[in-house]
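Here's a friendly walk through one protein model. Have a look at the sequence and the fold first, and then we'll go through some of the pieces.

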Amino acid sequence: MAGKGTQGFLPPFKHFATQAIHAGQDPEQWRSGAVVPPISLSTTFKQRAPGEHAGYDYIRSGNPTRDCLEKAVAALDGAKYCLAYSSGLAALLNICHLLKTGDSVICMDDVYGGTNRYFQKVASESNLKVIFVDCTKPKCLEAAITPETKLVWLETPTNPTLKVIDIKACADIVRRHPGVLLAVDNSFMSAYFQRPLALGADICMSSATKYMNGHSDALMGLVSVNRDDLYERLKFLQNSLGAVPSPFDCFLCNRGLKTLHIRMKLHFHNGLAVAQFLESHPSVEKVIYPGLPSHPQHELMKKQCTGCPGMVTFYIKGKKENASAFLRNLKVFTLAESLGGFESLAEHPAIMTHASVPEEERKTLGITDTLIRLSVGLEDEEDLLADLDQALKAAFA
């Protein structure tokens, strides 16, 4: 039973858990009848005659384990197709190969540091024009589109300041400009909380390294689409560029999907508890969490999502030294990059994940020396709150 939406959010997507467990996993596809899809490590496959194979010829072009994963993710994203890549940035690279020299990209101004670095240091030097726009204001997006614009890249909520973008409003604008693709990085939300394709996006990209796998043990990117022409071109690029994941990583991610719906519910519960605790703490200047009524786009979040992940960002009072002391004194939270695993992580964006973003841009975006990003995991709520409390006290001792 799908049930009603949590705290005013959209209701859960129907049949999500069943699809996560069964889509692409039919035991009949294996001679053994294995219920859990096996890891197919072979790099090559026997052909019945020259050019006649049973669906696979070489591992880069296709793999049975990867095929199972792609079918499952497509179902969860509400998509017709999904393609898996060796990382989230590999997925971004393949998408940008849909463009040609002289084309222009509009990217949300507040994005993952690796995305920012790729657009500024690689794509821009490879004859693509990239401009950064605050797409939380649809009018700014509309004003930025030119005849050369071929791709709009959104990330919502953004990394690390958790701004929320109205995907449907942006899609409506992009639709008025034929030939422009709208892609959404869904890494922070996972397929459980948000479906960009249903809101009008052409491409849904996720760093599966994060919530979709959820165990901090596999590196992967996922791209889901509905358009046949997009799929065929991306499939060609996937094979031609060769940035494909290993069968073992596909197996791990496919396994992670089976508990995605359970994990995301607890990430939401713990994330909200942490955000509420920090919002009332005297050592905290400001908390940013889309699940809080104090977030400026809280109502939008409820309108386009089924819930919130465990990503919480806050400004600690004091200076950089206080932020560093807080992070050094954490015991349950681990000081580390990445996010979306079962374990709780904490990091300093200005020094760690977003260090490659130019300093002036960081200041403009609010990525200051006192900004801290938390990926709230699945530990006991009381232990998480106690750890934050003792670390905050130690930061000002």
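Let's start with a pair of strands: strand 9 (residues 311–316) and strand 12 (residues 371–375) pair in the antiparallel sense, with five bridges between them. In this pairing Tyr315 sits opposite Leu371 of strand 12. Pairing here calls for at least two bridges found by DSSP, and helices (H or I, at least four residues) and strands (E, at least two) are DSSP runs, numbered from the N terminus.

A word on the source: this is a predicted model, where local features need pLDDT of at least 70 and side-chain atom pairs count only at pLDDT 80 or more, while totals for chains, interfaces and linings use all residues. Residues are numbered from 1 along each chain as its sequence is written, and side-chain values use heavy atoms, with hydrogens and water left out.

Back to the sheet. Its five strands come in the order 8-9-12-11-10, it is open, and the pairing is mixed. Strand 8 (284–288) and strand 10 (334–335) are at the edges with a single partner strand each, so one side of each has no neighbour in the sheet.

Two helices lie across this sheet. The table gives their angles to strand 9, taken between N-to-C directions on a scale from 0 to 180 degrees, with axes fitted to C-alpha atoms, for helices over the stretch in contact. Contact means heavy atoms within 4.5 Å.

| Helix | Lies across | Angle to strand 9 |
|---|---|---|
| Helix 10 (residues 260–279) | strand 8, strand 9, strand 12 | about 15° |
| Helix 12 (residues 320–329) | strand 9, strand 10, strand 11 (345–347), strand 12 | about 135° |

Now for helix 2 (residues 64–76). Eleven of its 13 residues are buried, meaning under 20% relative accessible area with a 1.4 Å probe, protein chains only. Among them are Pro64, Cys68, Leu69 and Val73. At the start of helix 2, a side-chain oxygen of Asn63 comes to within 2.9 Å of the backbone nitrogen of Thr65. After the helix comes Gly78, with a positive phi near 65°.

Helix 6 (residues 167–175) has Ile167, Cys170, Ala171, Ile173 and Val174 buried. They span an arc of only 160° around the axis, which puts them on the same side of helix 6; the arc is that of the directions from the helix axis to the C-beta atoms.

Last, strand 2 (residues 104–108) has five of its five residues buried. Ser104, Ile106 and Met108 point one way, and Val105 and Cys107 the other. Strand 2 runs parallel to strand 3 (residues 129–133), joined by five bridges, and Met108 faces Val133 there.

How values were computed. Buried means under 20% relative accessible area, exposed over 50%, partly exposed in between (1.4 Å probe, protein chains only). A polar contact is a pair of N or O atoms within 3.5 Å; within protein, one must be able to donate a hydrogen and the other to accept it, and residues adjacent in sequence count only if both atoms are side-chain atoms.
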